[in-house]
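Subject: Structure handover

Hello,

Here is the structure I said I would pass on. My notes on it follow below.

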Amino acid sequence: MPAPSISPAASPRATATAKTSFDYDEAFRRLRLMLAERPKAAMFDLRDRGHGSPFEQLVATLISARTRDEVTTPVCLRLFAVARTPAEIAALDESRLIELLHGATFPEPKARDILALSRRILEEHGGRVPDTMEGLTAFRGVGPKIAALTLGVAFGQEAIAVDIHVHRVTNRWGIIAAPTPERSMAALEGVLPRRYWIEINERLVPFGKFVCTGERPRCSECLLLEMCRQVGVTSAR
């Protein structure tokens, strides 16, 4: 059932100076409404295109590091058209994998890391991707964000994946105050209802790209303005 629209009289834009307490259920309802026509975050887009297996999500998230979603998705689709399992990727020559990763940032080290983790998954885990934070971060190149996305999107485990958008937006909202994405992850675990641990990345990546941007956020268009403390915002549109 589609989310009901918000009338102009009830819109946060009409009461920009009247800050209210942060309502997580209402905030996520409004986020879904605002982002309905926006491009999806890459990992969730790939999942919805049929590439939601733990291995594909792990590889795709590694590819996405410091790479824009607009690049990540087509690179991953090109790779998965050729190889989408640990055995298939492990069988590729490194030069061929680098070629398939063309367009993503740092294709050479990423190719080495993807080949290495594919072989370790085959040799040490019987071809199955580990389903724990500790197991995933044991692979070279896999940090907490990559592991959390894999756990959340592929395994359905409650995990908060904090990238630059999630870090910036949640600190700007004023629900946490943390200096780094890693500390934001820990802080969010203490305040964010668990039912939103996976969804927060799905919503805040496009929200951070198109509405709550790093420079001059579009506060006049934001349906969350009445809840947002606008921490650090000195100029807005």
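Helices here are DSSP runs of H or I with at least four residues, numbered from the N terminus. Please keep in mind that this is a predicted model.

Helix H9 covers residues 144-154, and just after H9 comes Gly156, which takes a positive phi of about 70°. H9 itself is mostly covered, with eight of its eleven residues buried. Those buried residues are Ile146, Ala147, Ala148, Leu149, Thr150, Leu151, Gly152 and Val153. Among the elements that cover them are helix H2 (42-48), helix H3 (54-64), helix H8 (133-137), helix H11 (181-191) and helix H12 (199-210).

H3 also packs against helix H4 (residues 69-82): their axes come within 10 Å and cross at roughly 135°. Angles from 115 to 145 degrees fall in the oblique class, and H3 and H4 are therefore oblique to each other. Their crossing is right-handed. On the H3 side the contact involves Glu56, Val59, Ala60, Ile63 and Ser64, which meet Thr72, Val75, Cys76, Leu79 and Phe80 of H4. By type, the residues of this contact are seven nonpolar, two polar and one charged.

Leu79 turns up again in the largest nonpolar core, which has 71 residues. Together with Trp173 and Phe207, Leu79 touches the most other members of that core. Leaving aside residues up to four places away in sequence, Phe207 touches Leu31, Met34, Leu35, Val169, Trp173, Cys212 and Cys222.

Regards

Terms used: Residues are numbered from 1 along each chain as its sequence is written. This is a predicted model: local features need pLDDT of at least 70, side-chain atom pairs count only at pLDDT 80 or more; totals for chains, interfaces and linings use all residues. Side-chain values use heavy atoms; hydrogens and water are left out. A nonpolar core is a set of buried Ala, Val, Leu, Ile, Met, Phe, Trp, Tyr and Cys residues joined through side-chain atoms within 4.5 Å. Buried means under 20% relative accessible area, exposed over 50%, partly exposed in between (1.4 Å probe, protein chains only). Contact means heavy atoms within 4.5 Å. Helices (H or I, at least four residues) and strands (E, at least two) are DSSP runs, numbered from the N terminus. Axes are lines fitted to C-alpha atoms, for helices over the stretch in contact, and angles run from 0 to 180 degrees between N-to-C directions. Angles under 35 degrees count as roughly parallel, over 145 as roughly antiparallel, 65 to 115 as roughly perpendicular and the rest as oblique. A crossing is left-handed if the near helix is turned anticlockwise from the far one by less than a right angle, and right-handed if clockwise. Ala, Val, Leu, Ile, Met, Phe, Trp, Tyr, Cys and Pro count as nonpolar, Asp, Glu, Lys and Arg as charged, and the others, Gly among them, as polar.
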